[in-house]
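Student: Could we go through this structure together, asking at each step how a label is earned?
Tutor: Gladly, let us look at it first.

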Amino acid sequence: MNGEYMGEILSHNPKALTCTSVHSQCAEVSVPLELKPYATLGELETECCGEPIITLHQNQGSTCSCGCELTITQSVCIRIPLEYGTKADVGETTSCCKRTSNFNITP
């Protein structure tokens, strides 16, 4: 073929001498994840609930001493703020090509 004839063919059909091929490859990809749960304790808040109960303990001896023993019991309400969560650390990704039959896609 002479150059003048080829130029005429390409001007009418520019794809006449081209070939397109697309290949695909399957692979298995793995990535390790390490999950780390956590809990963070906030500042505690305490509040008295109701009135205290006072219990007086009697002296064991027959003589009166200069002191006394008692027990004070108080109900309290404690606010305990906790934050729960999980963090993930990603390890190194690995891949392994799989054997598959090649296939071509031509537009």
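**Salt bridges and surface**

Tutor: Let us begin with Glu 45, which forms a salt bridge with Arg 79, their closest N and O atoms lying 3.5 Å apart. The two partners come from distant parts of the chain, Glu 45 from strand 3 and Arg 79 from strand 4, 34 residues apart. Please keep in mind that this is a predicted model.

Student: What makes Glu 45 and Arg 79 a salt bridge?

Tutor: The cut-off is 4 Å between a side-chain nitrogen of Lys or Arg and a carboxyl oxygen of Asp or Glu. At 3.5 Å, the pair of Glu 45 and Arg 79 qualifies.

Student: Why is Glu 45 called partly exposed?

Tutor: Glu 45 has 45% relative accessibility, and partly exposed is the range between under 20% (buried) and over 50% (exposed), so the label fits. Arg 79, at 47%, is partly exposed by the same reasoning.

Student: How many salt bridges are there in total?

Tutor: The count is three. Another one joins Asp 89 and Lys 36, with 2.8 Å between the closest N and O atoms. This pair also links distant parts of the chain: Asp 89 is in strand 5 and Lys 36 in strand 2, 53 residues apart. Asp 89 has a relative accessible area of 36% and is therefore partly exposed; Lys 36, with 37%, is partly exposed too.

Student: And what are the values for Lys 98 and Glu 28?

Tutor: Their side chains meet in a salt bridge at 3.7 Å, N to O, which is within the 4 Å limit. Lys 98 lies in the segment after strand 6 and Glu 28 in strand 1, 70 residues apart. Lys 98 is at 40% relative accessibility and so counts as partly exposed, as does Glu 28 at 48%.

Student: How do you know that the charged end of Lys 87 sits over the ring of Tyr 38?

Tutor: The charged end of Lys 87 is 5.4 Å from the centre of the ring, and the distance limit is 6 Å. The angle to the ring normal must also be within 35 degrees. As for aromatic pairs, the count is zero.

Student: Which residues form the nonpolar patch on the surface?

Tutor: Leu 41, Leu 44, Val 76, Ile 78, Ile 80, Leu 82 and Tyr 84 form it, with about 710 Å² of accessible area together. Strand 4 and strand 5 each supply at least two of its residues, while Ile 80 is in the loop between these strands.

Student: What makes Leu 82 partly exposed?

Tutor: Leu 82, in strand 5, has 43% relative accessibility, which falls between 20% and 50%, so it counts as partly exposed. Leaving out residues up to four places away in sequence, Leu 82 touches Thr 40 and Leu 41. The C-alpha atoms of Leu 82 and Ala 39 are 6.5 Å apart, although 43 residues separate them along the chain.

Student: Why is Leu 56 called exposed?

Tutor: Leu 56 is at 53%, and exposed means over 50%, so the label applies. Leu 56 lies in strand 3 and, apart from neighbours within four places in sequence, is in contact with Cys 68, Glu 69 and Leu 70.

Student: What share of the chain is buried?

Tutor: Buried residues make up 0% of the 107 residues.

Conventions. Residues are numbered from 1 along each chain as its sequence is written. This is a predicted model: local features need pLDDT of at least 70, side-chain atom pairs count only at pLDDT 80 or more; totals for chains, interfaces and linings use all residues. Side-chain values use heavy atoms; hydrogens and water are left out. Patches are made of residues with over 30% relative accessible area and no salt bridge: like charges are joined within 9 Å, nonpolar side chains (Val, Leu, Ile, Met, Phe, Trp, Tyr) within 5 Å. Accessible areas come from the Shrake-Rupley method with a 1.4 Å probe; for residues, only the protein chains shown count as cover. Helices (H or I, at least four residues) and strands (E, at least two) are DSSP runs, numbered from the N terminus. Rings of Phe, Tyr and Trp (its six-membered ring) pair if their centres lie within 6.5 Å; planes under 30 degrees apart count as stacked, over 60 as edge-to-face and the rest as tilted. Buried means under 20% relative accessible area, exposed over 50%, partly exposed in between (1.4 Å probe, protein chains only). Contact means heavy atoms within 4.5 Å.
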